[in-house]
Amino acid sequence: MSVTLTDVKYILLDIEGTTSDIQFVHKVMFPYSRERLEQFVLSHQNLDEVVEAINLTQQTVKAEQGQDIDLEGAIATLLDWIDRDRKHPALKSIQGLIWQEGFETGAFKSHLYPDVKPKLEEWARSGLKLGIYSSGSIDTQKMFFSHTVEGDLTPLFSNYFDLTTGSKKEAISYEQIIDVLGLAPNKIVFFSDVPAELVAARQKGLRVVHVKREGTASWSDVPEVESFQEISFIS
């Protein structure tokens, strides 16, 4: 498979299943945060970010279930959201703080597919701008790419977008990204392994490419690649 794209100015990238093996997130990062979440929240319950995340968790439970929960209930809810892989800003904030400790102590380094760093560097050298759109918080994204097995990749990226922009499966989120970047939608290409995200981006005029890594089902509705090495850009 190969894809040639013309007149692109900006490359927007998903992380899990696109630049990095989703199993690293689910088998390393998620268990690490789950094991430490309760103690972390109890030990840092006066930290502004933790207070905000707990309040948001309580508000969500109240809105969805009609019940008030205390700190213990909020912790139980966050653990349940990890198990269900719920993309909730409160959970992503708490996980980001825990992962920061993991990255900084060297407990783990971020996985990258071997084709990623060379191609990102090549694209950046050619004048293309690069950005990330992930469900993980912006701080987590920066930590992720500053502690990879291939070193610090953060100098390659111009922008980071997370759930504060909106759900990756909702078209309105990509409209906000377009506004931030100040580019015509057809100058932006979005790479992801998730068809629903690509559908949403395409609804707002972005060009899209499905990234089919090992374990990802093929999806023929849009251009598809198995490696960044299969992508070419022409001015």
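Helix H4 provides the largest share of the lining of the largest pocket, namely seven residues, in what is a predicted model. That pocket has a volume of about 420 Å³, and the chain around it consists of eight helices and eight strands. The structure also holds one cavity of 30 Å³ or more and 13 salt bridges, and these features are taken up in turn below.

**The largest pocket**

- The lining of the largest pocket is made up of 19 residues, and those nearest its centre are Pro89, Lys92, Ser93, Ser137 and Asp139.
- Besides H4, the elements that give two or more residues to this lining are helix H2, which spans 48–65, and H6.
- Sorted by class, the residues that line the largest pocket comprise eight nonpolar, six polar and five charged ones.

**The cavity**

- The largest cavity encloses about 120 Å³ of space, and of the 13 residues that line it, Glu16, Trp99, Ser134, Gly136 and Thr140 are the closest to its centre.
- At least two residues of the cavity lining come from each of three helices, which are H1 (22–43), H4 and H6 (138–146).
- The lining of the largest cavity divides into six nonpolar, five polar and two charged residues.
- Helices H4 and H6 therefore recur in both settings, since each gives two or more residues to the lining of the largest pocket and each supplies at least two residues to the lining of the largest cavity, with helices being numbered from the N terminus.

**Salt bridges that link distant parts of the chain**

- Lys187 and Asp7 form a salt bridge in which the closest N and O atoms are 2.2 Å apart.
- This pair links parts of the chain that are 180 residues apart, with Lys187 in the loop between helix H7 (171–181) and strand S5 (188–192), and Asp7 in the loop between strand S1 (3–6) and strand S2 (10–13).
- Lys187 has a relative accessibility of 22% and so counts as partly exposed, and Asp7, at 33%, likewise counts as partly exposed.
- Arg213 and Asp115 meet through their side chains in a salt bridge with an N to O distance of 2.8 Å.
- Because Arg213 lies in the loop between strand S6 (207–211) and strand S7 (224–225), while Asp115 lies in the loop between helix H4 (89–104) and helix H5 (116–125), this pair ties together parts that are 98 residues apart in sequence.
- Arg213 and Asp115 are both buried, which means that each has under 20% relative accessible area.

**Other salt bridges**

- Asp68 forms a salt bridge with Lys62, and here the closest N and O atoms are 3.6 Å apart.
- Asp68 counts as exposed because its relative accessibility is 63%, whereas Lys62, with a relative accessible area of 40%, is partly exposed.
- A network of salt bridges links three residues, namely Asp14, Lys168 and Glu197.

**Loop residues with positive phi**

- Asp7, which also takes part in the salt bridge with Lys187, has a phi near 60°, a positive value in a residue other than glycine.
- The position of Asp7 is in the loop between S1 and S2, where its relative accessible area of 33% makes it partly exposed.
- Asp85 is not a glycine either, yet it has a positive phi of about 50°.
- Asp85 is located in the loop between helix H3 (71–84) and H4, and with a relative accessible area of 25% it is partly exposed.

**The chain as a whole**

- The radius of gyration of the protein chain is 18 Å, close to the 18 Å that the globule rule gives for 235 residues, so the chain is as compact as a globular protein of that length.
- Taken along the principal axes, the box filled by the C-alpha atoms is roughly 55 × 40 × 30 Å.
- Among the 235 residues of the protein chain, 50% count as buried.
- Of the contacts in the chain with a separation of 6 or more, 67% are accounted for by residues 24 or more positions apart.

Technical notes
Residues are numbered from 1 along each chain as its sequence is written. This is a predicted model: local features need pLDDT of at least 70, side-chain atom pairs count only at pLDDT 80 or more; totals for chains, interfaces and linings use all residues. Side-chain values use heavy atoms; hydrogens and water are left out. A salt bridge is a side-chain nitrogen of Lys or Arg within 4 Å of a carboxyl oxygen of Asp or Glu. Helices (H or I, at least four residues) and strands (E, at least two) are DSSP runs, numbered from the N terminus. Buried means under 20% relative accessible area, exposed over 50%, partly exposed in between (1.4 Å probe, protein chains only). On a 1 Å grid over the protein atoms alone, a cavity is a set of points where a 1.4 Å probe fits but cannot get out, and a pocket is an open set with protein on both sides within 12 Å along at least five of seven lines; lining residues have an atom within 4 Å of a point. Grid points are joined across faces, edges and corners, and a volume is the space filled by probe spheres set on the points. Ala, Val, Leu, Ile, Met, Phe, Trp, Tyr, Cys and Pro count as nonpolar, Asp, Glu, Lys and Arg as charged, and the others, Gly among them, as polar. The radius of gyration is taken over C-alpha atoms; the globule rule is 2.2 Å times the number of residues to the power 0.38. Contact means heavy atoms within 4.5 Å.
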